[in-house]
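Open the structure in your viewer and keep the sequence panel beside it. We will go from stop to stop, with a selection to make at each one.

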Amino acid sequence: MKTPASLLTLIDEGVIDEVVRPLKSGKEAAVYVVRAGGDVRCAKVYKDMGQRSFQKRVQYQEGRKSRGSREARAVSSGSRYGRRQQEQEWKNAEVDALYQLREAGVRVPEPFGFFHGVLLMELVTDAAGFTAPRLGEVELTPAQAREFHAVLVRDVVRMLCCGLIHGDLSAYNVLVGPDGPVVIDFPQVVSAAGNNAARTMLLRDVNNLTASLGRWAPELLETWYGEEMWALFEAGVLQPETELTGRFTFDERTVDLDSVRDAINDARELALIRQQGREEAQDED
């Protein structure tokens, strides 16, 4: 195992004691299991992304505030310094979101600091102490699916009350710990008030969860929690403990209801297809 230079720096500075093993690697970051004192934690090492990646991030970063006027001007100009600043803001977004959402009662990993481009945080485990599986990797009873759906919808509401939308929420960005689901991966977190695509991303997040959990509890597929919570948010009356019903009445005078249902059902079917594809790939491995 080749240890990233940033983790070696953390060892030299006494932030962590050792790197135990790699946990997972993706396009944006690699995650390692590390030991710090008597605790086993995980370290998320962000990868430096090329210029081509920024075009894909634009829709997520709309509405985010830069830390200073100079940085904001640099990002707008597209200069080399601006791209570096944008890269740093992309990393900081997850760190800031974890602290804010943890404080708001959302089930996310506990953060322990951000050092040299490395996010140190809680390692989510199952009841036996092994690395927690993703929600898309476990089999559920109908009762468990309904319970997990209720917990996750409540967490989405709490995020929205913080002015944030996950932006890429699915059964593969949720871990299943002993106490239920834990939401992970927030670098693309979206500003609910400042992003023109906020509503679309919120509905996609909720529909992805509903499609996945609806495999075990089909009645969930007839709910409209995303639409309901967004309407309450727009009206300024959504609260973290607002009781939702899952029912929503569309204004048929201004909305093509059939198109809305088709679009949402398409999103749910796509989520199921993607999940089945991942399962088949895992079986081949």
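The tour begins with the whole chain and then moves through a sheet, a loop, a pair of helices and a few backbone turns.

**Stop 1: the whole chain**

Please keep in mind that this is a predicted model. Colour the chain by secondary structure, and you should find eight helices and nine strands. Of the 285 residues, 46% are buried. If you turn on the surface, the chain exposes about 14,900 Å², and carbon and sulfur atoms supply 48% of that area. For contacts between residues at least 6 apart in sequence, 61% join residues at least 24 apart.

**Stop 2: the five-stranded sheet**

Select strands E1 to E5 and show them as a cartoon. In what order do the strands of this open sheet lie? Reading across, the order is E1-E2-E3-E5-E4, with antiparallel pairing. The edges are E1 (18–25) and E4, each of which pairs on one side only. From one strand to the next, the twist averages 25°. As background, strands of a sheet pair through backbone hydrogen bonds, either parallel or antiparallel.

**Stop 3: strand E3 and its two neighbours**

Now select residues 39–46, which make up E3. This strand is mostly covered, with six of its eight residues buried. On one side, E3 pairs with E2 (residues 29–36) in the antiparallel sense over eight bridges. To see one pair of partners, show Ala-36 and Asp-39 of E3, which stand opposite each other. E2 and E3 form a hairpin with two residues between the strands, and Gly-37 there takes a positive phi near 65°.

Next, select residues 118–122 for E5, which pairs with E3 in the antiparallel sense over five bridges. Show the side chains of Arg-41 and Glu-122 in E5, and you will see that these two stand opposite each other. While side chains are on display, recall that in a regular strand they alternate between the two faces of the sheet.

**Stop 4: the hairpin of E4 and E5**

Stay with E5 and add E4. These strands pair in the antiparallel sense over three bridges. Two of the partnerships are easy to pick out: Pro-111 has Met-121 in E5 as its bridge partner, and Phe-114 has Leu-119 in E5. The hairpin has two residues between its strands. Which residue in the turn has a positive phi? Select His-116, where phi is about 50°. This is a positive value in a residue other than glycine. For comparison, most residues other than glycine have a negative phi.

**Stop 5: Glu-110**

Step back to Glu-110, in the loop between helix H4 (80–103) and strand E4 (111–115). Is Glu-110 buried, partly exposed or exposed? Its relative accessibility is 32%, so Glu-110 counts as partly exposed, since that class lies between under 20% for buried and over 50% for exposed. Leaving aside residues up to four places away in sequence, Glu-110 touches Arg-102, Met-121 and Glu-122. You can also draw a C-alpha to C-alpha distance from Glu-110 to Val-124: these residues are 14 apart in sequence and 9.2 Å apart in space.

**Stop 6: helices H5 and H6**

Hide the sheet and select residues 142–161 (H5) together with 198–213 (H6). Their axes come within 10 Å and cross at roughly 170°, which means that H5 is roughly antiparallel to H6. Show the side chains at the contact: H5 contributes Ala-145, Phe-148, His-149, Leu-152, Val-156 and Leu-160, while H6 contributes Leu-202, Val-206, Leu-209, Thr-210 and Leu-213. Colour these residues by type, and you will find nine nonpolar, two polar and no charged.

**Stop 7: Asp-185**

Go to the loop between strand E8 (180–183) and strand E9 (190–191) and select Asp-185. Here phi is near 65°, a positive value in a residue other than glycine. Asp-185 has a relative accessible area of 18% and is therefore buried, as the cut-off is under 20%.

**Stop 8: helix H7 and the glycine after it**

Finish at residues 225–234, which form H7. Its buried residues include Tyr-225, Gly-226, Glu-227, Glu-228, Met-229 and Trp-230. Beyond the helix, select Gly-236, which follows H7 and has a positive phi near 75°.

Conventions. Residues are numbered from 1 along each chain as its sequence is written. This is a predicted model: local features need pLDDT of at least 70, side-chain atom pairs count only at pLDDT 80 or more; totals for chains, interfaces and linings use all residues. Side-chain values use heavy atoms; hydrogens and water are left out. Buried means under 20% relative accessible area, exposed over 50%, partly exposed in between (1.4 Å probe, protein chains only). Helices (H or I, at least four residues) and strands (E, at least two) are DSSP runs, numbered from the N terminus. Two strands pair if DSSP finds at least two bridges between them. Axes are lines fitted to C-alpha atoms, for helices over the stretch in contact, and angles run from 0 to 180 degrees between N-to-C directions. Angles under 35 degrees count as roughly parallel, over 145 as roughly antiparallel, 65 to 115 as roughly perpendicular and the rest as oblique. Contact means heavy atoms within 4.5 Å. Ala, Val, Leu, Ile, Met, Phe, Trp, Tyr, Cys and Pro count as nonpolar, Asp, Glu, Lys and Arg as charged, and the others, Gly among them, as polar. Accessible areas come from the Shrake-Rupley method with a 1.4 Å probe; for residues, only the protein chains shown count as cover.
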